[in-house]
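This report introduces one protein to a reader who has not met it before. The sequence and the structure come first, and the text then moves from one pair of residues to the whole chain.

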Amino acid sequence: MEPLRTGGFLFRRFEPFDLKTIGSRKRISVYHGVDIDDRYTLVFVVKKKSRVLQKEVREWFDIGARIERHYGYRILRNIVLLDAPICSKARALMEAEGWRIVEA
């Protein structure tokens, strides 16, 4: 999580979220936290060798929406800690939705 610290993301509370609680079997790590400005934040940690495509990004959007329904409040910041190549269209889609991409 060092790339988050160097990127200026500091958290008061930071804990892992088990995707099985919302019925997902994706092989990504998701962390839920509250930053120092009291904003709820989700951090998706993606480590893979193949390229990240738009289809996967849309699935992440769906996972984020299901996590919001699980907790019952809006997540204000979504961050992807990415250790994989990403398709340019997928990057543009994430940036258009307001997601932050941090290269690991």
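R77 and D35 are both buried, where buried means under 20% relative accessible area, exposed means over 50%, and partly exposed lies in between (1.4 Å probe, protein chains only). The model is a predicted one, in which local features need pLDDT of at least 70 and side-chain atom pairs count only at pLDDT 80 or more, while totals for chains, interfaces and linings use all residues. Residues are numbered from 1 along each chain as its sequence is written, and side-chain values use heavy atoms, with hydrogens and water left out.

**The pair R77 and D35, and its surroundings**

The side chains of R77 and D35 meet in a salt bridge with an N to O distance of 3.5 Å, the term standing for a side-chain nitrogen of Lys or Arg within 4 Å of a carboxyl oxygen of Asp or Glu. Because R77 lies in strand 4 and D35 in strand 2, this pair ties together parts that are 42 residues apart in sequence. Helices (H or I, at least four residues) and strands (E, at least two) are DSSP runs, numbered from the N terminus. R77 counts as buried at 17% relative accessibility. When residues up to four places away in sequence are not counted, R77 touches F9, D35, R39, Y40, T41 and L42, a contact being heavy atoms within 4.5 Å. One of these, T41, is 36 residues from R77 in sequence, yet the two are 4.7 Å apart in space, C-alpha to C-alpha. D35 and R77 also belong to a network of salt bridges that links them with D37 and R39.

**Salt bridges across the chain**

The structure holds 9 salt bridges, and three of them are set out here.

| Pair | N to O distance | Separation in sequence |
|---|---|---|
| R77 and D35 | 3.5 Å | 42 residues |
| D38 and R12 | 2.7 Å | 26 residues |
| K26 and E59 | 2.5 Å | 33 residues |

The salt bridge between D38 and R12 links distant parts of the chain, with D38 in the loop between strand 2 and strand 3 and R12 in strand 1. D38 counts as partly exposed at 49% relative accessibility, whereas R12 is exposed, with a relative accessible area of 56%. D38 has a further feature, since its phi is near 60°, a positive value in a residue other than glycine. Most residues other than glycine have a negative phi.

The salt bridge between K26 and E59 likewise links distant parts of the chain, with K26 in the loop between strand 1 and strand 2 and E59 in helix 2. K26 counts as partly exposed at 36% relative accessibility, and E59 is partly exposed as well, with a relative accessible area of 26%.

**Helix 2 and what covers it**

Helix 2, residues 54-71, has 18 residues and reaches 26 Å from its first C-alpha to its last, close to the 26 Å expected at 1.5 Å a residue; that expected span is 1.5 Å times one less than the number of residues. Which residues of helix 2 are buried? They are E56, V57, W60, F61, I63, G64 and I67. These residues cover an arc of only 160° around the axis, which puts them on the same side of helix 2, the arc being that of the directions from the helix axis to the C-beta atoms. An α-helix has 3.6 residues a turn, so residues three or four places apart point the same way. On the other side of helix 2, K55 and R69 are exposed. The cover over the buried residues includes strand 1 (11-17), strand 2 (29-35), strand 3 (40-47), strand 4 (77-83) and helix 3 (88-96). Just after helix 2, G72 takes a positive phi of about 90°.

**The protein as a whole**

The secondary structure comes to 3 helices and 5 strands, which follow the pattern α-β-β-β-α-β-α-β along the sequence. The radius of gyration is 13 Å, close to the 13 Å that the globule rule gives for 104 residues, so the protein is as compact as a globular protein of that length; the radius is taken over C-alpha atoms, and the rule is 2.2 Å times the number of residues to the power 0.38. Along its principal axes the C-alpha trace spans about 35 × 30 × 25 Å. Buried residues make up 39% of the 104 residues. Among contacts between residues at least 6 apart in sequence, 57% join residues at least 24 apart.
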